[in-house]
Amino acid sequence: MGTRPCERRAVRLAAGALFAVQTTFIAAAGVTAAPARGPVPAPVSAAASGVPMRLAAPASRPRRVRPVWLGHSQAARRAQRAGLGLYSSGGCTDRWIRQCTSLEAIRTRTLRGAIRLKRRSGCPVTLTGGTEIGHVVGRYSHGNGYKLDVAPNACVDRHITRTQPFRGVRSDGALLYGSPESLYARTPSHWDILFR
């Protein structure tokens, strides 16, 4: 009438696995379990029980995440601190007006690319186009925060053409220089620069 030792051992293992899983869930929820009455079955490893166990991740400090896109005021302050100029033919910063120059929703990486151009070249760098409407649309576009227009001058022209390899001619006739990370297109009125 009694059960065999193998069956009793299997029952004890299953009970231990159930207790271990319950304890894990209770601990993960931050609830303290009431002390058990009677003998407590020995804990069973997940490998022995065949039941996968999830362990709570250790608590860590939340990492400070840098913003990927910036508002116009924040981007303009960073640009000014780095010595970049900002020019608008309409004297405005509204993203939805073609004559304005807006940095609203510019990518942090794009602005860093313009600041890097200023520092490495030692040239005066003036931004004349940002995320405002009126530019060609697409994934790597002005509107998506990937491109900036820079006013040409002898210093900027010389730096780009001497430090960036020539990449050919764009469909609109602009000469292309650069690398996969940054591509400089010389249009008749400005440098159209893509920062990936």
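Here are three short exercises with worked solutions on helix α5, the core and the disulfides of this structure.

This is a predicted model, where local features need pLDDT of at least 70, side-chain atom pairs count only at pLDDT 80 or more, and totals for chains, interfaces and linings use all residues. Numbering runs from 1 along each chain as its sequence is written, and side-chain values use heavy atoms, with hydrogens and water left out.

**Exercise 1.** Work out which residues of helix α5 are buried and what covers them.

*Solution.* Start with the terms: helices (H or I, at least four residues) and strands (E, at least two) are DSSP runs, numbered from the N terminus. Buried means under 20% relative accessible area, exposed over 50% and partly exposed in between, with a 1.4 Å probe and protein chains only.

- Step 1: α5 spans residues 154–163, and its buried residues are Val 156, Asp 157, His 159 and Ile 160.
- Step 2: They sit on the same side of α5, because they cover an arc of only 165° around the axis, taken from the directions from the helix axis to the C-beta atoms.
- Step 3: Flip to the other side of α5 and you find Ala 154 and Arg 162 exposed.
- Step 4: The cover over the buried residues includes α4 (108–121), β7 (175–178), β8 (182–186) and β9 (191–195).

**Exercise 2.** Find the elements that give two or more residues to the largest nonpolar core.

*Solution.* A nonpolar core is a set of buried Ala, Val, Leu, Ile, Met, Phe, Trp, Tyr and Cys residues joined through side-chain atoms within 4.5 Å.

- Step 1: The largest one holds 23 residues, and those with the most contacts inside it include Ile 160, Tyr 184 and Trp 191.
- Step 2: The elements giving two or more residues are α3 (72–81), α4, β5 (147–150), α5 and β9.
- Step 3: α4 supplies the largest share of this core, four residues.

**Exercise 3.** Pair up the cysteines and describe each link.

*Solution.* Look for cysteine sulfur atoms within 2.5 Å, which is the disulfide rule here.

- Step 1: That rule gives two disulfides, in the pattern 1-2, 3-4 with bonded cysteines counted along the chain.
- Step 2: Cys 92 and Cys 100 pair up with sulfurs 1.8 Å apart, and the link is left-handed at -105° about the S-S bond.
- Step 3: In the other pair, Cys 123 and Cys 155 have sulfurs 1.9 Å apart. The S-S torsion of Cys 123 and Cys 155 is about -75°, so this disulfide is left-handed.
- Step 4: This pair links distant parts of the chain, 32 residues apart: Cys 123 in the loop between α4 and β4 (126–129), Cys 155 in helix α5.

Notes. Contact = heavy atoms within 4.5 Å.
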